[in-house]
Amino acid sequence: MGSTILNIQHLCCGYPKFQLSGITVEMPKGSFTGIIGPNGSGKTTLFRAITGTLGIKSGQILLGDKNLHSLAPRQRAQRIAIVSQFIESGDISVEDYVLMGRIPYHSKFSFFESEEDFEIAQKYMEMTGTWKFKDRLMSELSGGEQQLAGIARALTQQPELLLLDEPTSHLDITHQVRILNLLQQLNQEMGLSVLMVIHDLNLASEYCDRLILINQGTVHMQGTPEEVLTFQNIEDVYQTVVVTQNNPLSGKPAIFLASRKVLKEIQERLAKGEQRKED
Amino acid sequence: MVDMQKKYYRWSLYLAGLLILLGFTVLVSLSIGEINFGLGEIVNILRKGGESMEYTILKQIRIPRVLLGIAVGGSLSLSGILLQGVYRNPLVEPYTLGISGGASLGVAFVVVFGLHHLIGSFMLPLAGFVGSFLIIFLVYTLSTRNGKVNIQSMLLTGVMVSFIASSTMMLLMSVTNSENVHGIIFWIMGSLDEPDMSLTYTILIISIISLFASYLFVQPLNALRLGEEKAKHLGINTDTAIKLLFLMSSLLAGVSVAVAGIIGFVGLIIPHVMRLLVGSDYRILLVSSFLSGAIFLVLSDVIARTIIAPNELPIGVITGIIGGIVFLLMMSRSSYRARKNNG
C-alpha cells in the first residue's frame, strides 16, 4: 500500500468550542483532492491539523507511511508545503520570498543560498509566471500574483504534498482559472499530490478528482465529484435548494442556485397547475 | 545567475560603507574635546604612547568613551531590531517592554533608601540591571500560559508594567529629598561618562558576542517576517527562537541601560532607518543596525559634549531630538516616494 500520500484515521481534534471527530480520509498519491463544506463546518480545522499547527487529541495522520506528528518540523516542511489564503509578506522582494522555500533544506547555520537554491527558485518562478516580478516587493503585487508567488515558494520546497487554503477565494475568474490550471498542470505533469480547501463547488467539481465534504465536524461524504455533488448531498449539508446538471464541456456536475423569488414563483406555478388538475 | 548574487554584492557595499563611516566617526570623536587634535595627529600620538598628556587624554578619557558609545549604541540598536523581528511590529523597542521602567525603578529604589554607597560605583549599574531584569521576568511570566509565550499579549503587559514601574518611581521621588531626586534624574538622562573601565569592557564584549550570537537566529528571524504560523510551516521552531531572542535583546538593553542610563530612540529609530536603507533581510539588517547604532551614538556624544562646552548636555536629549527629526524627514520622504509611485 505505497499508494496513499495522506491517510487520516479516526482523527479527533479541535478547540474547546469546536471539535472534529472520527475523521477518516485516504488520499491516493497523485490525486487532486478538494475539501468542501459550509462555513464553520471544520474545513480549516482539518487543514490546520494536517499542517501540524493544531495538535490532535486521538487518531492519527500518516504521511506516506510516517506518522505526521513524529516528523521533525524541518522534515515535515520538506514533504508538505502550505499556501495560505493570504500571503502577507510586506517588504520582501518576490525573489527573496520564493527563496524562503529553501529554508527547510538549509542547515541551521548556513548563511548564503547555494547556486542550486537559486536555480530551483528560478525554475518555479518561471513555471508560475512570477519570474518577471522577481525584484518587486510582495506588497506591490496583486492578490492573484501573490498567490502565484505563494505557489512558487511552496514548489521551491519540493514537497510531495501541496496544501492550499482557499487559493481562489478573493480572486477574479481570470486568476481563479489561471491558478487552478497551474495546479492541475503540476498535478498531472509532476505527479504532485494537491489538497485544497475550496469554497466554490463548481470549481471544486471541475478541477478535483476527489472531494471530501465536511459537515459539522465530520466527513459527510467523500468520493469523486459525481458521487459527492448530488443535489441531495448539497441540500442536506448546505440547507440550500440547488439544481445540478452536468457541465456541457467537461461533463462534471455543475451546481445552479436560484433566488427565493424564482423558487416562490415556481412553487406558485406548480400549485396552480395542481389546482387546475383538480378542477 | 550572476544577476541573483547582486544582493550579496550590495550587502558588502553596505557593510564596507558603514565600517568606513564608523572609523571616521571614531576619529572625529577622538579628536574633538577640550583640546582638539588633528585627525592625523591621533595616530601619531597613539603610536608614540608614553607619558604625554595627549596620550593620557586619549587613553584614559576619549577611547573608553568611544568604546562605550559603540557598545551601547550597537546593543540598543541590535536589541531593537531583534524585538521588532520577534514582534513583527516596527514600533516595538527595548523600552516598550519595561526595561527602562524597571531600570529606573531599581536605581530610584537604591538612591532613595541610601544603598548606593554600599559597594561603590558598581551599585547603580547593578541596581539598574536587576531592576530591568525583574520587570522583564515579570512581563514574561505574566504572558506565559501553558509554557507558551503569547507575544501579542506580552506587548500590552509590558506597556502596563512599564507604567506601574515609572509611577512607582515617581512615588519614590515625591517622598525623598531633592538631592536624591537630582541623582535619579541625572542617572535617567543617560551619559557615556563611565569612570569604571571594566564596565565599559564588559558591555563591549557582551555586545560583540551578542552580535555574533544573533546570527545563529538569522533563519528564524527571516522566516518570522511571514508570521509565526508560516514560519512554522517552513520547519522553524518558532517557540524556542522567540524565547532566546527575547532573552538576548533583554540582556543587551539591560546592560546598556545599567551602564549608560536611559538613552532613548536608538533602539527604535536606527532599526527603522536601516530597514528603509538596506532592506528587510536580517542577514544584512543585524550587522548594519549594530554598526549604525554605534555610529549614531558616538556622533550624538560628540554633539552632547561640544555644543555647550565646557558643559555637557545629556546624550539622551541629543539622540531624542536628532533621531526624531531625522526619522520624521525619512518618513515624509518615503511616504512622498510611495505616493509618487502609486500615482
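This report describes a sheet in chain A, the helix packed on it, and the contact between chains A and B, all taken from a predicted model.

## The sheet of chain A

Chain A holds an open sheet of 6 strands, which run in the order β6-β7-β8-β3-β9-β10 and pair in a mixed fashion. At its edges stand β6 (80-83) and β10 (218-223) of chain A, and because each of these has a single partner strand, one side of each is left without a neighbour in the sheet. From one strand to the next, the twist averages 15°.

Within this sheet, strand β7 (residues 161-165) of chain A and strand β8 (residues 193-197) of chain A are joined by 5 bridges and pair in the parallel sense. One position can be followed by eye in the structure: A:L162 has A:V194, in β8(A), as its bridge partner.

## The helix on the sheet

Helix α1 (residues 43-51) of chain A packs on the sheet, where it touches β3 (32-36), β6, β7, β8 and β9 (210-215) of chain A. The direction of this helix makes about 145° with that of β7(A).

## The contact between chains A and B

Where the two chains meet, 23 residues of chain A are in contact with 20 residues of chain B. On the side of chain A that touches chain B, the elements that give two or more residues are α2 (73-79) and α4 (115-128) of chain A, and α2(A) gives the most, with 4 residues.

Sorted by class, this side of chain A has 11 nonpolar residues, together with 6 polar and 6 charged ones.

Note on methods: Residues numbered from 1 in each chain as written. Chains lettered and ligands numbered in written order. Predicted model: local features only at pLDDT ≥ 70, side-chain atom pairs only at ≥ 80, totals over all residues. Contact = placed C-beta atoms within 7 Å. Nonpolar A, V, L, I, M, F, W, Y, C, P; charged D, E, K, R; others polar. Pairing = 2+ DSSP bridges. Axes fitted to C-alpha atoms, helices over the stretch in contact; angles between N-to-C directions.
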